[in-house]
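Visitor: I am new to this structure and would like to be taken through it. May I see it before we begin?

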Amino acid sequence: MTNMKAVELRPAHGGGTLSIASRPVPKPGRGEVLVRVRAASLNFRDLLVADHMYGALPETVVPLSDGAGEIAALGEGVSGLVPGQRVAGAFYPDWITGPITAAARTRSMGANMDGMLAQFALLPAHAAIPVPDHLSDEEAATLPCAGLTAWNALFNVAALQPGQDVLLIGSGGVSVFALQFARMAGARVIILSGSAEKRARLAKMGAHHLIDYKASPDWHKDVMQLTDGRGVDVVVEVGGPGTLEKSMQSVRVGGTIVAIGFVAQEGEGVAPRLVIGKSVNLQGITVGNCAQFHEMNRALSLHDLKPAIGHVFAMDNVEDAYALQRRAGHFGKIVIKVD
Ligand SMILES: NC(=O)c1ccc[n+]([C@@H]2O[C@H](COP(=O)([O-])OP(=O)(O)OC[C@H]3O[C@@H](n4cnc5c(N)ncnc54)[C@H](OP(=O)(O)O)[C@@H]3O)[C@@H](O)[C@H]2O)c1
């Protein structure tokens with residue numbers, strides 16, 4: 001096969017354009033692997049890329065950070081991986097281990113370098129992460145961004161303990177993974193969702209308390225009541241301007257808020273006195289590194305944990321997949337099969 005089918009995104013303010021293209025199959029250089037991608041998945045972040053709100057971007061890029069498939073070919077000098085092995089790509093292919101640095105986060109898949117929505121993708125060998133055997137390609141394709149971010153937030157930044165209380169904001173990709181991980185770790189989960197149907201599904205997945213943030217705009221008061229006036233130990237903060245102040249009011253003295261996203265755009269900012277007065281550990285994160293990805297996969301395997309998939313699209317219907325993510329109509333991850 002010399003040519004491959006790929007989706008091309010032209011990022012633009014107000015919404016980029018997507019098209020199906022034919023591109024040469026890339027050849028793995030020294031230290032690289034070529035992956036035959038079988039499935040890719042969408043994140044809120046991919047809308048930011050499409051809308052040209054994600055830093056400097058090329059004119060055209062293969063979108064999506066998240067995808068999985070099997071190794072088709074190894075470049076020179078690659079050891080520890082074999083053709084046919086099932087892998088997912090790392091969001092930050094240059095962030096191998098240790099704390100984040102400017103260099104480690106310079107390149108990210110599906111933004112300023114080609115991503116996973118093509119029949120083949122090139123990765124540095126260390127960024128081709130073997131995936132758990134019990135996961136399908138579609139399930140494995142959801143791990144690199146939402147999965148690893150939730151993992152990093154709960155277990156590396158917040159050092160979550162069994163018995164602690166976790167607050168999750170909305171039922172998006174990061175929050176649903178965080179629900180599964182927090183349950184796995186024996187924590188109690190309070191989760192906000194504006195949809196009755198989604199609340200019912202979150203309850204089925206083991207959420208202990210559900211709050212309708214639309215019906216209860218002062219939801220921090222509900223959180224305080226549910227925790228007997230103490231506040232939660234950890235907030236996985238994906239709301240941003242619209243929720244951060246209330247997250248501050250919901251966290252316990254000395255608790256941790258992991259700042260991740262901004263799905264709730266309408267807000268007035270945060271009073272610093274809340275951070276100071278409660279001695280809050282407020283830590284921003286960006287996804288996670290390759291070593292953490294391996295650690296997450298061990299836990300997924302041990303606990304037989306499967307990501308929640310909501311919708312699967314064909315590659316030719318990529319625009320429908322983006323539209324669904326944009327209107328937040330999804331529960332569980334949106335996956336695109338790459339055939
Ligand atoms: N820093 C990082 O490393 C990192 C990594 C991944 C994601 N992110 C960011 O984290 C955020 C979440 O990403 P995602 O992919 O999980 O998003 P997503 O799947 O698109 O999340 C959508 C959900 O957000 C919830 N939501 C929207 N407005 C809300 C509001 N006002 N209050 C509470 N919940 C609200 C809704 O839940 P309901 O429908 O249940 O109401 C909606 O379904 C994004 O801002 C993304 O950019 C950052």
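Visitor: Where does the ligand lie with respect to domain 1 and domain 2?
Guide: Domain 1 (3-142 + 307-337) and domain 2 (148-284) both give residues to the shell around the ligand, so the ligand lies between them. The domain bounds come from an automatic or database domain assignment.

Visitor: What sort of model is this?
Guide: This is a predicted model, in which local features need pLDDT of at least 70 and side-chain atom pairs count only at pLDDT 80 or more, while totals for chains, interfaces and linings use all residues. Residues are numbered from 1 along each chain as its sequence is written, and side-chain values use heavy atoms, with hydrogens and water left out.

Visitor: Which residues come nearest to the ligand?
Guide: There are 27 residues around the ligand, and Ser171, Ser193, Tyr213, Ile285 and Val287 come nearest. A residue is near a molecule or strand if one of its heavy atoms lies within 4 Å of it.

Visitor: How do the residues of that shell divide into nonpolar, polar and charged?
Guide: The shell has 13 nonpolar residues, 13 polar residues and one charged residue. Here Ala, Val, Leu, Ile, Met, Phe, Trp, Tyr, Cys and Pro count as nonpolar, Asp, Glu, Lys and Arg as charged, and the others, Gly among them, as polar.

Visitor: What lies 2.6 Å from an oxygen atom of the ligand?
Guide: That is an N or O atom in the side chain of Tyr213. A backbone N or O atom of Gly194 lies 2.8 Å from an oxygen atom of the ligand, and a polar backbone atom of Ile285 is 2.7 Å from a nitrogen atom of the ligand. 

Visitor: How much of the ligand does the protein bury?
Guide: The protein buries 88% of the 940 Å² that the ligand exposes when taken alone. Accessible areas come from the Shrake-Rupley method with a 1.4 Å probe; for residues, only the protein chains shown count as cover.

Visitor: Which elements give two or more residues to the shell?
Guide: They are α3 (143-157) and α4 (173-184). Helices (H or I, at least four residues) and strands (E, at least two) are DSSP runs, numbered from the N terminus.

Visitor: Is Asn152, in helix α3, buried or exposed?
Guide: Asn152 is buried, because its relative accessible area is 6%. Buried means under 20% relative accessible area, exposed over 50%, and partly exposed in between (1.4 Å probe, protein chains only).

Visitor: And what does Asn152 touch?
Guide: Leaving aside residues up to four places away in sequence, Asn152 touches Val157, Ile285, Val287, Gly288 and Gln292. Contact means heavy atoms within 4.5 Å.

Visitor: Back to the domains: how far apart are their C-alpha centres?
Guide: The C-alpha centres of domain 1 and domain 2 lie 28 Å apart. Ten residues of domain 1 are in contact with twelve residues of domain 2.

Visitor: Now a change of topic. What is the phi of Leu64?
Guide: Leu64 has a phi near 80 degrees, a positive value in a residue other than glycine. Most residues other than glycine have a negative phi. Leu64 sits in the loop between α1 (44-50) and β4 (66-74), and counts as buried at 0% relative accessibility.

Visitor: And where is Ala159?
Guide: Ala159 is in the loop between α3 and β8 (165-169). The phi of Ala159 is positive too, near 45 degrees, and Ala159 is partly exposed, with a relative accessible area of 41%.

Methods. A polar contact is a pair of N or O atoms within 3.5 Å; within protein, one must be able to donate a hydrogen and the other to accept it, and residues adjacent in sequence count only if both atoms are side-chain atoms.
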